[in-house]
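Okay, can everyone see the screen? Let me put the chain up, and then I'll talk you through it.

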Amino acid sequence: FLKNKNSTFFVRASGDSMLPEIKPRDILVVDRSLNPVNGSVITFFLNEKPLCKQFIREEGQLRLRSFNPRYKDYLIQESDDFQIFGVVIGLARDFLCMR
């Protein structure tokens, strides 16, 4: 199941910015050994806050996109402290615990 066992982590999702694809309490399977490509879903730290968004690189700029259309894209600024944690390679959802 896990290609890179030593670099794969499980992260619990929260919030609604990635709905409908990623729901609160989903468990994200994150591979830290992969480099994101345009369109990848990544986990990262932005100004010390852990987040999950779609990685969009266009015209030399890095944009972070939520799947939920209620949230605007975020354009990474030079002054931002931005650190990629890893690339989301899958997710697990416990249907019995969902409310």
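**A hairpin, a sheet and one aspartate**

So, let's start with the hairpin: β4 and β5 make one with two residues between them, and Glu 59, in the turn, has a positive phi of about 50 degrees. Before I go on, the ground rules: this is a predicted model, where local features need pLDDT of at least 70, side-chain atom pairs count only at pLDDT 80 or more, and totals for chains, interfaces and linings use all residues. Residues are numbered from 1 along each chain as its sequence is written, and side-chain values use heavy atoms, with hydrogens and water left out.

Strands here are DSSP runs of E, at least two residues, and helices are runs of H or I, at least four, numbered from the N terminus. By that count the chain has seven strands and zero helices.

Back to the hairpin. β4 covers residues 49-58 and β5 covers 61-65, and they pair in the antiparallel sense over five bridges; pairing needs at least two DSSP bridges between the strands. Gln 54 sits opposite Arg 65 in β5. On to β6, residues 74-75: β5 pairs with β6 over two bridges, again antiparallel, and Arg 63 has Leu 75 as its bridge partner there.

How do the seven strands line up? The sheet is open, in the order β1-β2-β7-β3-β4-β5-β6, with antiparallel pairing. β1 (8-12) and β6 stand at the edges with a single partner strand each, so one side of each has no neighbour in the sheet. For β1 that partner is β2, residues 27-31, joined in the antiparallel sense over five bridges, with Phe 10 opposite Val 29.

Now, Asp 80, in the loop between β6 and β7 (82-92). Buried or exposed? Asp 80 is buried, meaning under 20% relative accessible area with a 1.4 Å probe, protein chains only. Yet Asp 80 has no salt bridge, that is, no Lys or Arg side-chain nitrogen within 4 Å of a carboxyl oxygen of the Asp. The nearest side chain of opposite charge, Arg 63, is 11 Å away. What the Asp 80 side chain does reach is the backbone nitrogen of Gln 77, at 2.8 Å. Leaving aside neighbours within four places in sequence, Asp 80 is in contact (heavy atoms within 4.5 Å) with Leu 46, Asn 47, Tyr 74 and Leu 75.

Last, the whole chain: of the 99 residues, 33% count as buried, and the C-alpha trace spans about 40 × 35 × 25 Å along its principal axes.

Conventions. Buried means under 20% relative accessible area, exposed over 50%, partly exposed in between (1.4 Å probe, protein chains only). Lys and Arg count as positive and Asp and Glu as negative; His and the chain ends are not counted. A polar contact is a pair of N or O atoms within 3.5 Å; within protein, one must be able to donate a hydrogen and the other to accept it, and residues adjacent in sequence count only if both atoms are side-chain atoms.
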